[in-house]
Amino acid sequence: MRYYGNLAVREERQPEQKKQQRTAAPQTASYVRRKSIPVGEKLLYLLTVFVCVAVAGLILYRNASLYEMNRDIQKITSEYETGADQTKELQREVDKLRDPARIAKLAAEKGYGYDNGKKPLTLSTDGN
């Protein structure tokens, strides 16, 4: 009678009978030798690994090229912003130099103004 569940209802075996049964029939160790993987299956595994490595390499190559392109874009953007700042600064300087009050002041200092009592020089376009 076999009980697979509760140990409380399991009947006790006599330890002497177990020992006698073990010693009475010597067991020989038998090893089951596994068959090796066939060559075709090995090649299929190798091809699968090669394809996975190739796909991973392609993904890494694409990511590296995207990283390089992003770095170039950032560099060009930085150069553009620097050039734009320089252009604004130069435009402010041009506006300051074109100020009519400043030009009149410089002309007065050099003697090209109207206050010296002379008639101002005018140019005509009629060719005379």
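1. A good place to start is Asp-85, which lies in helix H2. Please keep in mind that this is a predicted model, so each point below describes a prediction.

2. Asp-85 also belongs to a negative surface patch, where its partners are Glu-81, Glu-89 and Glu-93. If you would like to find this patch on the structure, Asp-85 in helix H2 is a handy landmark.

3. Next, look for a nonpolar surface patch of about 480 Å². Its members are Leu-47, Phe-50, Val-51, Val-55 and Ile-59. One of them, Leu-47, lies in helix H2, which covers residues 39–97.

4. Is Leu-47 buried, exposed or partly exposed? Leu-47 counts as partly exposed because its relative accessibility is 49%, and partly exposed is the class between under 20% (buried) and over 50% (exposed).

5. Now for the overall fold. The protein chain has three helices and zero strands, and reading along the sequence gives the pattern α-α-α.

6. How much of the protein chain is made up of buried residues? The share is 0% of the 128 residues. The chain exposes about 13,600 Å², with carbon and sulfur atoms supplying 57% of that area.

7. Finally, a word on confidence. The mean pLDDT of the protein chain is 83, and 70% of its residues reach 70 or more. Where is confidence lowest, and where is it highest? Helix H1, at residues 15–24, has the lowest confidence, with a mean of 55, while H2 has the highest, at 97. For a new reader, it may help to recall that Leu-47 and Asp-85 both lie in helix H2.

Key
Residues numbered from 1 in each chain as written. Predicted model: local features only at pLDDT ≥ 70, side-chain atom pairs only at ≥ 80, totals over all residues. Heavy atoms only, no water. Patch = residues over 30% accessible without salt bridge, like charges linked within 9 Å, V, L, I, M, F, W, Y side chains within 5 Å. Areas by Shrake-Rupley, 256 points an atom, 1.4 Å probe, with all protein chains shown as cover. Salt bridge = Lys/Arg side-chain N within 4 Å of Asp/Glu carboxyl O. Helix = DSSP H or I, 4+ residues; strand = E, 2+ residues; numbered from the N terminus. Buried < 20%, exposed > 50% of the residue type's maximum accessible area, 1.4 Å probe, protein only. Lys, Arg positive; Asp, Glu negative; His and termini not counted. Charge placed at Lys NZ, Arg CZ, Asp CG, Glu CD. pLDDT = per-residue confidence, 0-100.
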